[in-house]
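Work through the exercises below with the sequence and the 3D view open. Each task is followed by a solution in steps.

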Amino acid sequence: MAQASGMDPLVDMEDERPKWDNKLQYLLSCIGFAVGLGNIWRFPYLCQTYGGGAFLIPYFIALVFEGIPLFYIELAIGQRLRRGSIGVWRTISPYLGGLGLGCFSVSFLISLYYNTVLLWVLWFFLNSFQYPLPWSTCPLDLNRTGFVQECQSSGTVSYFWYRQTLNITPDINNTGTIQWKLFLCLVACWATVYLCIIRGIESTGKAIYFTALFPYVVLTIFLVRGLTLPGATEGLTYLFTPNMKFLQNPRVWLDAATQIFFSLSLAFGGHIAFASYNPPRNNCEKDAVTIALVNSMTSVYASITIFSIMGFKATNDYWRCLDRNILSLTNEFDFPELSISRDEYPEVLMYLNATQADRLAQLPLKTCHLEDFLDKSASGPGLAFIVFTEAVLHMPGASVWSVLFFGMLFTLGLSSMFGNMESVITPLFDMGILPRSIPKEGMTAICFTLQSGSYWLEIFDSFAASLNLIIFAFLEVVGVIYVYGMKRFCDDIEWMTGRRPSLYWQVTWKVVSPMLLFSIFLSYIILLSQTPPSYKAWNPQYEHFPSREEKLYPGWVQVTCILLSFLPSLWVPSVALAHLLYQHRQRWKDTHPESGLKPQESRSC
Amino acid sequence: MLWLLLFLVTAIHAELCHPDAENAFKVRLSIRTALGDKAYVWDTDEEYLFRAMVAFSMRKVPNRETTEISHVLLCNVTQRVSFWFVVTDPSKNHTLPAAEVQSAIRMNRNRINSAFFLDDHTLEFLKIPSTLAPPPDASVPVWIIVFGVIFCIVVVAIALLVLSGIRQRRRNNKGPLGVEDAEDKCENIITIENGIPCDPLDTKGGLINDGFLTEDERLTPL
């Protein structure tokens, strides 16, 4: 009980620390932070690419051996030490103080660009309140005889996204001007986030009831609607049918582990901050398992919805492909209108091929296979802003579905932003840097509203987060288990939850999770070094437009990428070094007392 | 004689109107696509209406006010429904230039379309591009309106929260301030010990200790 008595003063001092109104708020906040846009647009893509249902196997293995143990550690130390990320790591060991600073800086970088994604979602949300939807038609060209050329080649939805929303430049060097429409949305987004976190967890605790639960309501509505659409069952069966061959590919396991890691939002410091507002005697083991399972179940639930809608879209595209072909045949051979149904088309084609092959050869007929359309997958913003918006166009009542969908994405992103902002603000409050009156947010996110902002966002997304978070998570596990001490940690947990951690927890903490993290880190480094970093630019002058042109990053951008990847991690060695020097100086001062007595010491006698 | 005339007429007709003839245009209708169940059958009466509409359009062109329905020739009607047509001059020997016909059709496209309950997609004049209607453009884009509403709500909510926070802090400050005022008052009161104020004790330079009672009433009587 030595630790208990040693740590009790911490508990007593923190009577002024804000508290959750009830356990539900805390659970919803953690769930809201963990469940984010990645559950909607990353997990279904991975499922689809890696053999459908077969992907669930590596996913759940990673959850059990990596996700839940790491998550439990974060909640436990946050709840025990009752500090944000910086304070927690400084308390565990002053040499590890840099870890907290690193988590803090990564959270700061991420909150900058994450808000940009929110502003895009907000832009689409605002534009959904009209019928017909603005991305359903191309704008007319100058003499009104046809549509704008760029739009005709790329398609209405891509044109709306790349030209009318982003007004993207063909090259990252070409920064262009600030898009005032996006800038307005950015101001609105920051204002909304500010409104929700203005009183700390008092206000986020109230807002989270809506932002965490609304997505589930909308997902259910979409699921019901999606399952009733034609083609949904084809989509579901095709995309969920397990293909076990994929399990032999090591990339699958790497991506599953990475997905679990980022999906649970580990190593941000946000969960530590949330748990620090808990009463000290709270069963964080149950919380950890519950939240992690809810997060994974949400991913699977969301992918069912997404797949049914993608199945509908693929079927629709397939039918339109067939209809175009049938129309060409009808016009060329002057058959009566609507005389060839979609089922009769193959036979008619064969017959014509046998009788009038030369006339047939001149026609622009495309081969239509349903599987080709089902295979067209997309992840990330591409799924939400291009693929899904196109699917919504063909659903009756398109505006309503569009409003619901982007409202859901907005609340998902908002609840993740709360976690991000908490991980930035709680350490600052703990260190006394910020007065508790009004939190300030940096408006540095303005640079993402430039015309080249989308390229910069990709850079931040790929480089600022991944490597740093893996390093931090590894150091977290090692720091808690080996520096703080497994025995001490288990005693703390027994004090908090009433039960000692079982063998499963101890084995995963000591061995399995660090190993998994280390292997993920190595694979990342290997993959990064193999391919030179490049990006896909939207260039109307490109010969293969509308395919995106692959360009290499210029030198100065590559330097920025490297800096982003490693600077936050550098906090750890630099703080450890600084502390080492400080200790050295202290020891030298203690052994050389005549070099200067402090005046207070003499007065105290 | 009549036979010869008929023969001549059909021969001329065939000469002037055939697929890919000079100044001839192909027309394609998609009636069932447009009207579904209410589709009408394309017969010679509908053809007559079409010829009338084309003649009507040509009459709107300066110098062509005397165009008659008989000047419009139709040929090669297929099941699709598609056919070719030409417009001849009053002598019926030459066809009118394609440019004139094209501009006439373009000017009256709407009337022609509505006579058949069709639109630009379902009544196609190949080689005559139609002027596309601009999409309905609201004077103020919808998104700005919705944005304004949401932004106003958010700003008002922020202002309310900030103001209530300031008011609460002021109320909290007044509470402990009340307590402090009482303490201050205590400090301002001159400490009195045994009925004698302490402050003047220092002014006598320490020669007389006023701490001792001087009044006889306080001494117990002997």
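## Exercise 1: A helix that does not run straight

A:Gly498, just after helix 21 of chain A, takes a positive phi of about 90 degrees. The model is a predicted one.

**Task.** How far apart are the end C-alpha atoms of helix 21 of chain A, and what span would a straight helix reach? At which residue does helix 21 of chain A bend?

**Solution.**

Step 1. Find the helix: helix 21 of chain A covers residues 453–497, which is 45 residues.

Step 2. Work out the expected span. The rule is 1.5 Å times one less than the number of residues. For helix 21 of chain A, a straight helix would reach 66 Å.

Step 3. Compare with the model. The end C-alpha atoms of helix 21 of chain A are only 47 Å apart, short of the expected value.

Step 4. Look for a bend. Helix 21 of chain A bends by about 100 degrees at A:Gly485.

Step 5. Check the surroundings. In helix 21 of chain A, 34 of the 45 residues are buried, so the helix is largely enclosed by the rest of the structure.

## Exercise 2: The contact between two chains

**Task.** How much area do chain A and chain B bury between them, and which helix of chain A gives the largest share of the side that touches chain B?

**Solution.**

Step 1. Recall how such a contact is described. The size of an interface is often given as the accessible area lost when the parts come together.

Step 2. State the area. Chain A and chain B bury about 2800 Å² between them, and 68% of this is on carbon and sulfur atoms.

Step 3. Count the residues: chain A gives 32 to the contact and chain B gives 33.

Step 4. Pick out the residues of chain A that lose the most area to chain B. These are A:Leu126, A:Asp334 and A:Glu337, together 23% of what that side buries.

Step 5. Look for pairs across the interface of chain A and chain B. The rule finds 0 salt bridges there. It does find 6 residue pairs in polar contact, both residues being at pLDDT 80 or more.

Step 6. Assign the chain A side to helices. Helix 7 (97–127), helix 10 (180–197) and helix 15 (284–333) of chain A each supply at least two residues of the side that touches chain B. Helix 10 of chain A gives the largest share, with 10 residues.

## Exercise 3: Charged pairs

**Task.** How many salt bridges does the structure hold over all chains? Are A:Glu150 and A:Arg163 buried or exposed?

**Solution.**

Step 1. Start from the principle: side chains of opposite charge can pair when their charged atoms come close.

Step 2. Give the total. Over all chains, the structure holds 20 salt bridges.

Step 3. Take one of them. A:Glu150 forms a salt bridge with A:Arg163, and their closest N and O atoms are 3.2 Å apart. A:Glu150 lies in helix 8 (residues 149–154) of chain A and A:Arg163 in helix 9 (residues 156–165) of chain A, 13 residues apart. Both A:Glu150 and A:Arg163 are buried.

Step 4. Take a second pair. A:Glu494 forms a salt bridge with A:Arg500, with the closest N and O atoms 3.0 Å apart. A:Glu494 has 35% relative accessibility, so it counts as partly exposed. A:Arg500 is also partly exposed, at 38%.

Step 5. Turn to chain B. B:Arg59 forms a salt bridge with B:Glu68, the closest N and O atoms being 3.3 Å apart. B:Arg59 counts as partly exposed at 38% relative accessibility, and B:Glu68 counts as partly exposed at 39%.

Step 6. Add a network. Salt bridges that share partners join A:Lys313, A:Asp317, A:Arg320 and A:Glu390.

## Exercise 4: A residue in a loop

**Task.** Where is A:Leu363 placed in chain A, and which residues does A:Leu363 touch, not counting residues up to four places away in sequence?

**Solution.**

Step 1. Locate the residue. A:Leu363 is in the loop between helix 17 (357–361) and helix 18 (370–375) of chain A.

Step 2. Classify its exposure. Buried means under 20% relative accessible area. A:Leu363 has 15% relative accessibility, so it counts as buried.

Step 3. Compare sequence and space. A:Leu363 and A:Ser328 are 35 residues apart in sequence and 7.1 Å apart in space, C-alpha to C-alpha.

Step 4. List the contacts. Not counting residues up to four places away in sequence, A:Leu363 touches A:Ser328, A:Leu329, A:Glu332 and A:Phe333.

Methods:
Residues are numbered from 1 along each chain as its sequence is written. Chains are lettered from A and ligands numbered from 1 in the order in which they are written. This is a predicted model: local features need pLDDT of at least 70, side-chain atom pairs count only at pLDDT 80 or more; totals for chains, interfaces and linings use all residues. Side-chain values use heavy atoms; hydrogens and water are left out. Helices (H or I, at least four residues) and strands (E, at least two) are DSSP runs, numbered from the N terminus. The bend at a residue is the angle between axes fitted to the seven residues ending there and the seven starting there. Buried means under 20% relative accessible area, exposed over 50%, partly exposed in between (1.4 Å probe, protein chains only). Buried area is the accessible area (1.4 Å probe) that two parts lose on being put together, summed over both. A salt bridge is a side-chain nitrogen of Lys or Arg within 4 Å of a carboxyl oxygen of Asp or Glu. A polar contact is a pair of N or O atoms within 3.5 Å; within protein, one must be able to donate a hydrogen and the other to accept it, and residues adjacent in sequence count only if both atoms are side-chain atoms. Contact means heavy atoms within 4.5 Å.
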